[in-house]
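Biologist: Pick one part of this fold and take me through it slowly, backbone oddities and neighbours included. I'd rather have one connected story than a list.

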Amino acid sequence: MKMVSEVVELLKENLPVTQEPFVLSGDVNTGLVLVDVVNGFCTVGAGNLAPKQHDKQISQMVEESARLARVFCEKKWPIFAFLDSHHPDIPEPPYPPHCIAGTDEAKLVPALQWLENETNVTLKCKDCIDGFVGCLEKDGSNVFIDWVKNNQIKVILVLGICTDICVLDFVCSTLSARNRGFLPPLKDVIIYSGGCATFDLPVSVAKNLGDAIAHPQALMHHIGLYLARGRGAKVVSEVSIKAL
């Protein structure tokens, strides 16, 4: 653990991620995007990719997701929530079966299940890592693009799991689509670092799991934020609400 923490600090020193506080206000149309805050990734013991024990980073992500979701719902600001959901007969290598459609794994965590009844919330089940791609329909339309356009969203605030996998892929695709002019009037993609999390698979554990790839949590969380920042996303250290 000491070696990993030293590597993380070295990484932060040499590959810093600039972060500033972000203040939400009604002055700019802002949408909240929640990525895969489902039992299968967040609730202890809920499935193959769920934490095996309490995880501080994941718990904080869930708490911040719930806090900001409450704010957005109180103000009737738009929310788009991805739910990882897979057909049992269609694998997603290199991962083991997870978040099978119709099971509790594919449902929002208890702290967010109330979102299902909110009129300002769009829920989208996805069967792939990249939520932007998961929003593509057979007729060529894209549910996420329509959500941005219909709500005239200029800023999206992204929270969820995993920082370096589903969050990163979604953010990168969204930025590419924005740069190509497919997402007017979207201007900024903001990632809240304290509202994101990833899983922890230390080297000591991974080496006993066959083909598993080590995935130190703090290290990969930072790398995810760094890569997103390099693609053009803004990373913020905290999110507060503008006082009236």
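Modeller: Let's start at K76, in the loop between α3 and β3. This is a predicted model, so take every angle below as a property of the prediction. K76 has phi near 60°, a positive value in a residue that isn't glycine. The two elements that flank this loop lead straight into the part I'd like to look at closely, the sheet.

It's an open sheet of seven strands, and going across, the order is β1-β7-β6-β5-β2-β3-β4, with parallel pairing. β1 (19-24) and β4 (121-126) are the edge strands; each has a single partner, so one side of each has no neighbour in the sheet. From one strand to the next, the twist averages 30°. Helix α3 (residues 56-74) packs on this sheet and touches β1, β2 (30-35), β3 (79-84), β4, β5, β6 and β7 (234-241). Against the direction of β6, the direction of α3 makes about 130°.

Now let's walk across, beginning at the β1 edge. As background, strands of a sheet pair through backbone hydrogen bonds, either parallel or antiparallel. β1 pairs with β7 in the parallel sense over six bridges, and Q19 has V235 as its bridge partner in β7. Next, β7 runs parallel to β6, and three bridges join them. Here Y192 stands opposite V236 of β7. Moving on, β6 (residues 188-197) pairs with β5 (residues 155-161), again parallel, over six bridges. In that pairing, L157 has I190 of β6 as its bridge partner.

That brings us to β2, which pairs with β5 in the parallel sense over six bridges. V35 has G160 as its bridge partner in β5. On its other pairing, β2 goes parallel with β3 over four bridges, where V33 stands opposite F80.

So what does β2 look like from a solvent point of view, buried or exposed? The strand is mostly covered, with six of its six residues buried. In a regular strand the side chains alternate between the two faces of the sheet. You can follow this along β2: T30, L32 and L34 point one way, G31, V33 and V35 point the other way, and all of them are buried. V33, the residue opposite F80, therefore belongs to the group that points the same way as G31 and V35.

The loops that connect these strands hold more backbone oddities. Between β3 and β4 sits P94, and the peptide bond from P93 to P94 is cis, with omega near 10°. The loop between β3 and β4 also holds C99, which has a positive phi of about 45° although it is not a glycine. C99 is buried, with a relative accessible area of 0%. Past the end of β5, the peptide bond from I161 to C162 is cis as well, with omega near 0°. C162 lies in the loop between β5 and α6. If you're going to set up restraints or check omega values, these are the spots I'd look at on screen.

From that loop the chain goes on into α6, which brings in a helix pair. α6 (residues 163-179) packs with α8 (residues 217-231) at an angle of about 5°, with the axes 9 Å apart. That makes α6 roughly parallel to α8. On the α6 side the contact is made by T163, D164, L168, V171, C172 and L175. On the α8 side there are M220, H221, G224, L225, L227, A228 and R231. Sorted by type, this contact has eight nonpolar, three polar and two charged residues.

Last, a look outward. V203 lies in helix α7 (residues 203-206), and at 53% relative accessibility it counts as exposed. V203 and V4 are 199 residues apart in sequence, yet their C-alpha atoms are 9.7 Å apart in space.

As for annotation, UniProt, in an unreviewed entry, places "domain: Isochorismatase-like" at residues 31-200. Over residues 31-200 the chain is 31% helix and 20% strand, and the C-alpha atoms at the ends are 29 Å apart.

How values were computed. Residues are numbered from 1 along each chain as its sequence is written. This is a predicted model: local features need pLDDT of at least 70, side-chain atom pairs count only at pLDDT 80 or more; totals for chains, interfaces and linings use all residues. Side-chain values use heavy atoms; hydrogens and water are left out. Axes are lines fitted to C-alpha atoms, for helices over the stretch in contact, and angles run from 0 to 180 degrees between N-to-C directions. Angles under 35 degrees count as roughly parallel, over 145 as roughly antiparallel, 65 to 115 as roughly perpendicular and the rest as oblique. Contact means heavy atoms within 4.5 Å. Ala, Val, Leu, Ile, Met, Phe, Trp, Tyr, Cys and Pro count as nonpolar, Asp, Glu, Lys and Arg as charged, and the others, Gly among them, as polar. UniProt positions are given in the numbering used here, feature names are shortened, and annotations may be inferred rather than shown by experiment. Two strands pair if DSSP finds at least two bridges between them. Buried means under 20% relative accessible area, exposed over 50%, partly exposed in between (1.4 Å probe, protein chains only).
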